Amino acid sequence: MLLQLFITLCIAANSNAWFGTAVLVTNMRNFPLSRGTVAGILKGYGGLSAAVYTVIYSLVLHKSPSNLLLFLSIGISVLSLAMMYFVRPCTPTSEEDSSVNIHFIFTQAFSVVLAIYLLTTTIIYDTVSLSDAVSYSLVAILIILLLSPLAIPVKMTFFPSKPKDNSQDGNATQTNPLLTPSSSTNNLRSFSENEDVSDAEFLLAIGEGAIKQKKKPRRGEDFKFCEAFVKADFWLLWVVYFFGVGTGVTVLNNLSQIGVSLGVSNTTLLLSLLSFCSFVGRLGSGVVSEHFVRTRSIPRTVWMTVAHLLMIAAYLLYASGLSGTLYAATALLGICYGVQYSIMVPSASELFGLKNFGVIYSFMGLGNPLGAIVFSVLLAGKVYDTEAAKQGGGSTCFGPECFRLTFFVLAGACGLGAILSVILSIRIRPVYQMLYASGSFRLPQSSSH
């Protein structure tokens with residue numbers, strides 16, 4: 001039985017990674033001019049998915065684990081087969097399109113409505129008894145809100161936008177080349193046929209641009225994974241992300257025990273609050289970072305610094321064990337945890353390009369499970385068991401001492417993460433000034449895209 005559970009979890013976890021990578025990488029390439037917005041929306045919906053399944057599990061499946069497993073195995077498979085044709089690369093626009101921005105705003109607005117609806121539904125379910133008819137009605141509304149973004153392709157299909165009229169630019173079309181080929185260019189035509197070319201001719205051709213020497217990419221251009229792997233900025237971003245999501249996922253994994261240790265018997269509302277605030281952080285950081293990177297060329301990693309500092313405050317609130325601080329600390333941590341998740345994605349794509357973004361993003365994502373092992377398993381679990389043993393040998397621990405040492409260590413880790421993120425932001429500020437000098441994303445002139 002244990003082996004079957006291990007295999008099931010292994011398949012499920014790897015499938016989840018495939019889903020996230022495929023959808024995220026495809027849409028980042030489809031909308032390269034709005035990377036922060038795209039990452040915020042997709043990560044935001046990912047953060048709400050747990051709350052969606054919780055509502056379905058409670059209202060429709062009547063909290064039956066077997067029904068939930070059947071729903072996940074069949075429902076997700078059918079949905080994936082039905083939708084896989086629509087998740088595909090398309091030709092991105094080379095300049096800003098107002099209609100695309102309107103579509104993003106529409107999606108963001110309905111995602112906020114969905115998040116509020118999920119939180120409200122969870123509170124109602126925990127406070128009053130609902131009949132089957134009311135439960136199914138609430139789930140029907142939930143499905144409508146989930147499907148609301150489909151209104152965008154429907155509108156684009158039946159009411160397509162008019163293409164821009166470029167006829168006025170016809171007079172500017174040149175039938176003859178503006179520059180005639182240089183002598184070195186003419187000589188290079190025979191390079192492939194005759195290898196006996198003098199060094200002088202070869203160097204002259206390089207100087208005139210007829211031959212481009214292969215060189216290492218600069219930050220902002222497309223990196224191969226092996227090229228990005230040896231860069232200091234790559235590891236700074238990874239470590240900053242590791243401290244942010246690694247400490248955050250520790251609280252997420254142990255939130256039920258944290259609530260019980262501080263006197264909260266029903267932790268459902270606590271989990272819903274964390275999920276909702278994580279969504280706010282994911283969606284909000286995408287919008288805010290996109291605004292400031294366009295208007296002031298401020299690196300997105302600045303917001304990771306802010307998140308680290310606020311996470312320190314949240315962990316100290318947890319460690320204090322003061323009455324009334326549990327929900328405030330959970331809300332603050334949820335927002336900051338979402339910020340860390342959402343900011344890493346566009347930051348990595350802007351520093352190392354989109355050509356090999358899939359493997360770079362996947363490696364960055366290792367910060368989450370590795371952080372869970374280090375901070376949750378090796379730290380929080382052992383501290384909790386030690387404190388529980390001091391209280392009489394039971395498996396349950398009560399009081400702020402159960403996680404106090406853990407929270408102090410997490411606060412210290414975030415302090416180090418804040419320092420490293422400041423260093424990273426200073427290092428990459430020139431890159432953002434180059435990429436967003438015109439107020440919108442532009443590739444470096446030397447890039448070969």
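**Exercise 1. A pair between two helices**

Take Asp 233, which is buried with a relative accessible area of 3%, in this predicted model. Find which residue its side chain meets in a salt bridge, and work out which parts of the chain the pair ties together.

*Solution.*
- Start with the partner: the side chain of Asp 233 meets that of Arg 427 in a salt bridge, at 2.6 Å from N to O.
- Next, place both residues. Asp 233 belongs to helix H10 (residues 232-253) and Arg 427 to helix H17 (residues 401-435), so the salt bridge ties together parts 194 residues apart in sequence.
- Finally, check the other end: Arg 427 is partly exposed, with a relative accessible area of 37%.

**Exercise 2. A buried pair**

Locate the salt bridge of Arg 300 with Glu 350, and decide whether each partner is buried or exposed.

*Solution.*
- The closest N and O atoms of Arg 300 and Glu 350 are 2.8 Å apart.
- This pair links distant parts of the chain, 50 residues apart: Arg 300 sits in the loop between H12 and H13, and Glu 350 in helix H14 (residues 326-352).
- Buried means under 20% relative accessible area. Arg 300, at 0%, counts as buried, and Glu 350 is buried with 0% as well.

**Exercise 3. A pair within one helix**

Describe how Glu 387 and Lys 390 are placed in helix H16 (residues 367-390).

*Solution.*
- Their side chains meet in a salt bridge, 3.6 Å from N to O.
- Glu 387 and Lys 390 are about one helical turn apart, because three residues separate their positions in H16.
- Glu 387 counts as buried at 17% relative accessibility, whereas Lys 390 is exposed at 61%.
- To widen the view, salt bridges that share partners join Glu 290, Arg 294, Arg 300 and Glu 350 into one network.

**Exercise 4. The faces of H5**

Work out how the buried residues of helix H5 (residues 132-147) are arranged around its axis.

*Solution.*
- List them: Ser 135, Leu 138, Val 139, Leu 142 and Leu 145 are buried.
- Look down the axis of H5: these buried residues fall within an arc of 115°, so they line one face of the helix.
- Turn to the other side of H5, where Ala 133 and Ile 144 are exposed.
- Then find the neighbours: the buried residues pack against H2 and helix H4 (98-127).

**Exercise 5. An unusual phi**

Inspect Ser 297 and state the sign of its phi.

*Solution.*
- Most residues other than glycine have a negative phi.
- Ser 297 has a positive phi, near 55°.
- Ser 297 lies in the loop between helix H12 (268-295) and helix H13 (301-320), and is buried at 10% relative accessible area.

Methods. Residues numbered from 1 in each chain as written. Predicted model: local features only at pLDDT ≥ 70, side-chain atom pairs only at ≥ 80, totals over all residues. Heavy atoms only, no water. Helix = DSSP H or I, 4+ residues; strand = E, 2+ residues; numbered from the N terminus. Buried < 20%, exposed > 50% of the residue type's maximum accessible area, 1.4 Å probe, protein only. Expected span 1.5 Å × (residues − 1). Arc of directions from axis to C-beta. Contact = heavy atoms within 4.5 Å. Salt bridge = Lys/Arg side-chain N within 4 Å of Asp/Glu carboxyl O.
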